[in-house]
Amino acid sequence: MVLNRNAVYSAISLVLCFFSLAVIYLLLEAYFIAVLEIFIYAGAIMVLFLFVIMLLNLGREKALEHFMHLQRGLSMFLVVLFFLGIFFLLLNDTSVLHQPEGGFVAGGVYSLGEALFTKYLLPFEVASLLLLVALIGTVYLAKRKI
Amino acid sequence: MVVPLEHVIVLSLTLFSTGVLGVLFRRNAITIFMSIELMLNAVNLALVGFSRYYNSVDGQVFVFLVMTLAAAEVAVGLAIIIALYRNRQTVNIDEINLMKN
């Protein structure tokens, strides 16, 4: 997905990635999150992305005339460092994470809704406010000639 | 069968690194945006994995909130990209140097 220069191919690969993630959520017994992943990400967000790609009529990204070897090498090195750092931390030291006993409450609609409307009621309401702000901002940005 | 936590974390790490590389290497604003979505998904995966590991549903509530945030962010970001394209006729971030000089 990242290596491809064509934005449409990247978007299609990202949809595939979202579907695979939804299956992994199912394996982790987060059923509601799996459904939401397909609905919101693969459904709503990727349609928005594809629509914008279509609207802007994007072709292939042109190659740079100067390749920026130093920056690319440095960023690649830092990312690999980050990956290996956490990877070895995970290999060495998983004993700090001790798993509590007891059965798992599967992430169905019931348990998730109960947590969302009792313990996390305030974040839920703030999220709705955030969506409202995003809606107004989008309409403003799209309407006015900036 | 239970998926071990380590496998989930390694997959999440891989996805996150891929997203970071996409942000750093691509120059198309929309592809960079999609890489940011990939990073958000990696964090979601880690949250779900830990939620499964600790037998708690709290992590999935956070995933829910992150998805809300991602939806809002995409709407605003794509509106900004379209406004940018209208003014500059490009989405290549190398050519957008409004704040230079």
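Helices are DSSP runs of H or I at least four residues long, numbered from the N terminus. With that convention, select the loop between α1 (7–27) and α2 (31–56) of chain A, where A:Glu29 is found. The model on display is a predicted one.

**First stop: two loop residues with positive phi**

Centre the view on A:Glu29. Its phi is near 60 degrees, a positive value in a residue that is not glycine. Most residues other than glycine have a negative phi. A:Glu29 has 19 C-beta neighbours inside 10 Å and therefore counts as partly exposed, since the buried class begins at 20.

Next, select B:Asn55, which lies in the loop between α2 and α3 of chain B. Phi of B:Asn55 is near 55 degrees, again a positive value in a residue other than glycine. B:Asn55 counts as partly exposed because it has 13 C-beta neighbours inside 10 Å; a residue with 12 or fewer would be classed as exposed.

**Second stop: the side of chain B that touches chain A**

Now display both chains and colour them separately. In chain B, 54 residues are in contact with 56 residues of chain A. On the chain B side, the elements that give two or more residues are α1 (5–25), α2 (29–53) and α3 (58–88). Which of these elements supplies the largest share? Select α3(B), which contributes 22 residues. Colouring this side of chain B by class shows 36 nonpolar, twelve polar and six charged residues.

**Third stop: α4(A) against α3(B)**

Keep α3(B) selected and add helix α4 of chain A, residues 109–118. Two packed helices are described by the angle between their axes and the distance between the axes. Here the axes come within 9 Å and cross at roughly 75 degrees. The helices α4(A) and α3(B) are therefore roughly perpendicular to each other.

To see the residues that meet, show the side chains of A:Leu112, A:Ala115 and A:Leu116 in α4(A), and of B:Asp58, B:Gln60, B:Val61 and B:Phe64 in α3(B). By class, this contact has five nonpolar residues, one polar residue and one charged residue.

**Fourth stop: the domains of chain A and the nonpolar core**

Select chain A alone and colour it by the domain assignment, which gives domain 1 (1–61) and domain 2 (108–146). The centres of these two domains of chain A, taken over C-alpha atoms, are separated by 21 Å.

Then restore chain B and turn to the largest nonpolar core, which has 48 residues. Which members touch the most other members of this core? Select A:Ile33, B:Ile30 and B:Val48. At least two residues of the core come from each of α1, α2 and α4 of chain A and α1, α2 and α3 of chain B. From each of domain 1 and domain 2 of chain A, the core draws at least three residues.

Centre on B:Val48 to examine its surroundings. Leaving aside neighbours within four places in sequence, B:Val48 is in contact with A:Tyr25, A:Leu28, A:Ala30 and A:Ile33 of chain A, and with B:Gly59, B:Gln60 and B:Val63 of chain B.

**Last stop: B:Met39**

Finally, select B:Met39 in helix α2 of chain B. Is B:Met39 buried or partly exposed? B:Met39 has 17 C-beta neighbours inside 10 Å and so counts as partly exposed. Not counting residues up to four places away in sequence, B:Met39 touches B:Phe16, B:Gly19 and B:Val20. Adding B:Phe50 to the selection shows a pair eleven residues apart in sequence, with a C-alpha to C-alpha distance of 17 Å.

Note on methods:
Residues numbered from 1 in each chain as written. Chains lettered and ligands numbered in written order. Predicted model: local features only at pLDDT ≥ 70, side-chain atom pairs only at ≥ 80, totals over all residues. Contact = placed C-beta atoms within 7 Å. Nonpolar A, V, L, I, M, F, W, Y, C, P; charged D, E, K, R; others polar. Domains from an automatic or database assignment. Axes fitted to C-alpha atoms, helices over the stretch in contact; angles between N-to-C directions. Parallel < 35°, antiparallel > 145°, perpendicular 65-115°, else oblique. Core = buried A, V, L, I, M, F, W, Y, C linked by C-beta atoms within 7 Å.
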